[in-house]
Amino acid sequence: MRSKNTNKWQRTHYCGDLRLKHCGEEVTLCGWVNRQRDMGNLIFLDLRDREGLVQVVISAGKNNLLKTAGSLRMECVLGIRGTVKDRGGKLRNAELPTGDIEVEVEDMKIFNASEVPPFVIADPPQASEELRFKYRYLDLRRPSMQRNIKLRHQAALMVRNFLSENGFYEIETPFLTKSTPEGARDYLVPSRKYKGRFFALPQSPQIFKQLFMISGFDRYFQIVRCFRDEDLRADRQPEFTQIDIEMSFSDREELFSLTESMMAKLFALIGVEVELPFPRFTYAEAMEKYGSDKPDLRFGMEIQDFTETGKLIDSNVIKGALSAGSELKCLILENAGGLSRSKLDKLNRKARDLGGKGVIWVKKDGGFKSSLKLEDKDFELIWKKAKAGDKDLILLVADEKKTALLILGDIRLAVQAAELQKSNKYKFAWVTDFPLFEWSEEEQRLVSVHHPFTSPLAEDIKYLEKEPERARAQAYDLVLNGVEIGGGSIRINDLKLQQQIFKILKLDPEEMEAKFGFFLEALTFGAPPHGGIALGFDRIAMLLAGEKSIRDVIPFPKTTSSLCLLTNSPSSVRKKQLKELGLDIIE
């Protein structure tokens, strides 16, 4: 960056932008001392700003500058004015983008000194996450964090420009709204003026974006903050950001095409060419093939159905399971026949931890070996059906279908975990036609798999009256490398159908009116067909940056227990504040 110099210490360039083409130019740089090397009559400083760092040198003869530079601590804030010089020959640093040059200092200004930081500002991190979160403003100085936040900005700008070019308006929705808990817990905001009544922070702008469609704004988007008071989870945040999109007079195909084009542009930011179109799986297909509704397509290893083959195997264990309604599923682990007994036992324990009865393993090792005693003819049948190689390992699970698929899907990912960490592949997929409802043991009723405004497939509306659990939804998730990065649906725009869904969810007429009366009334005034998607912006930014946690792409994240260590919140408040709100603390 270059700007017109209106005063002596106005920056002319960023440190990380200087190259050989700038040799001979006089520059003014501003930044933080990253490193100091005192050679006596020569002092080298690495000066760092958001774009990177550059070596500056104070040479012999500049006694006042040498004395000043010799007293500098790391993280002092400096301005330097000097001339860009070619380092030349062996003095160049090939590991640094600015390594071909250095800046010979003519003048220097200390803007501010720094205490000794609680940890070294460097990559990889030199301190625990707890300490870094407490001093997050220092942690954000790390080059990787500077790059991540810059990339997040570029991604947001690209999304805004892309959607605007495609006819979308960015429209804001309220942060203080009505509590309508149908999923995670709401964050409640007590009203001072109306004691005993509460606003809620939105888990999603869902109802408002549908109201925009009724209002005639047929293409809406928003990069929006959302809030969920969820229990402890490893990589979730109580406040998060999503790319929210809604369209009227459209269908799933148009939305898929739009989203795929946007993803292609997003990943072009990091030089990745995305394969279009994305493969599609129904929920049932994804579970059958991969044991997951978030399939990781960076490798194969599809689950096979062995139920019919199992009926031909002379085993009381297998036949007993099948006669009880279980199914037999198979997974081949290529070149894993040499796994030790302890590792095989570990796989068996994993299956039990997931609620199953265990895993049957079969391998060739100078003859068939297995955890289940079988005749050779049965082993041959299994091996032939699986089309396994001599060095492979076959895993079989005879269990309730959902459990068997869950176990093998979990093992499928676990055995590839180390390789996947090194992978630089990006494999997208759509998963469609989810169940509309699922049974909640906690609430002892059917609940929405996505949310109660999701439309059922037209051909499944017939099940709503007597067999609602059979109904499939016009819902879809976008998955990348086994991570769900977005979800959406075609919405209900018919009042009677919406009321029927609420009734299945055990909302009586009074509760419907209290929670959703304003929305149900809006559906009576010409609601167009519409649908949309919400994409997890934090997760997308994480994958773009090559990070393993969304906390590494959020400027001021909370801990896994929803604490802000920087501000020490949540915190107590004065009794006067509680009294104004009509609240009291119950111990």
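**Notebook: charge, cover and backbone in a predicted chain**

I began with Glu-380, which is partly exposed, since its relative accessible area is 45%. I am working from a predicted model, and I keep that in mind for every entry below. Glu-380 sits in helix H11, which runs over residues 376–386. I then looked up what surrounds this residue on the surface, and found that Glu-380 forms a negative patch together with Asp-314, Glu-375 and Asp-376.

Next I turned to the charges of the chain as a whole. I counted 89 positive and 86 negative charges, and noted that their mean positions are 5 Å apart.

For the overall frame, I noted that the chain has 587 residues, of which 47% count as buried, and that its secondary structure consists of 17 helices and 22 strands. Along the principal axes, the C-alpha atoms fill a box of roughly 95 × 75 × 55 Å. The accessible surface comes to about 30,600 Å², and carbon and sulfur atoms account for 50% of it. I also looked at contacts between residues at least 6 apart in sequence, and found that 66% of them join residues at least 24 apart.

I then asked which residues of helix H5 are buried. The helix spans residues 206–215 and is mostly covered, with 8 of its 10 residues buried; these are Gln-206, Ile-207, Lys-209, Gln-210, Leu-211, Phe-212, Met-213 and Ile-214. I noted that Lys-209 is among the buried residues of H5, as are Gln-206 and Gln-210. The cover over these residues includes two strands, S9 (219–227) and S10 (239–248), as well as helix H15 (509–522) and strand S22 (530–536). Directly after H5 comes Gly-216, with a positive phi near 100°.

That glycine led me to the rest of the backbone. I kept in mind that most residues other than glycine have a negative phi, and that most peptide bonds are trans. Met-301 has a positive phi, near 55°, although this residue is not a glycine. It lies in the loop between helix H7 (283–290) and strand S12 (304–305). Is Met-301 buried or exposed? Met-301 counts as buried, because its relative accessible area of 16% is under the 20% limit.

I found two cis peptide bonds to record. One joins Asp-123 and Pro-124, with omega about -5°, and Pro-124 is found in the loop between strand S5 (101–112) and helix H2 (129–134). The other runs from Ser-569 to Pro-570, with omega near 10°, and Pro-570 has its place in the loop between H16 and H17.

I stayed with that loop for the last entries, which connects helix H16 (537–545) to helix H17 (575–581) and also holds Phe-556. Ser-562 is found there as well, and its phi is positive, near 65°, in a residue other than glycine. Ser-562 is partly exposed, because its relative accessible area of 25% falls between the limits of 20% and 50%. Phe-556 also counts as partly exposed, at 47% relative accessibility. I finally looked up which residues form a nonpolar surface patch with Phe-556: they are Tyr-137 and Leu-566, and the three together have about 290 Å² of accessible area.

Technical notes. Residues numbered from 1 in each chain as written. Predicted model: local features only at pLDDT ≥ 70, side-chain atom pairs only at ≥ 80, totals over all residues. Heavy atoms only, no water. Patch = residues over 30% accessible without salt bridge, like charges linked within 9 Å, V, L, I, M, F, W, Y side chains within 5 Å. Areas by Shrake-Rupley, 256 points an atom, 1.4 Å probe, with all protein chains shown as cover. Salt bridge = Lys/Arg side-chain N within 4 Å of Asp/Glu carboxyl O. Helix = DSSP H or I, 4+ residues; strand = E, 2+ residues; numbered from the N terminus. Buried < 20%, exposed > 50% of the residue type's maximum accessible area, 1.4 Å probe, protein only. Lys, Arg positive; Asp, Glu negative; His and termini not counted. Charge placed at Lys NZ, Arg CZ, Asp CG, Glu CD. Contact = heavy atoms within 4.5 Å.
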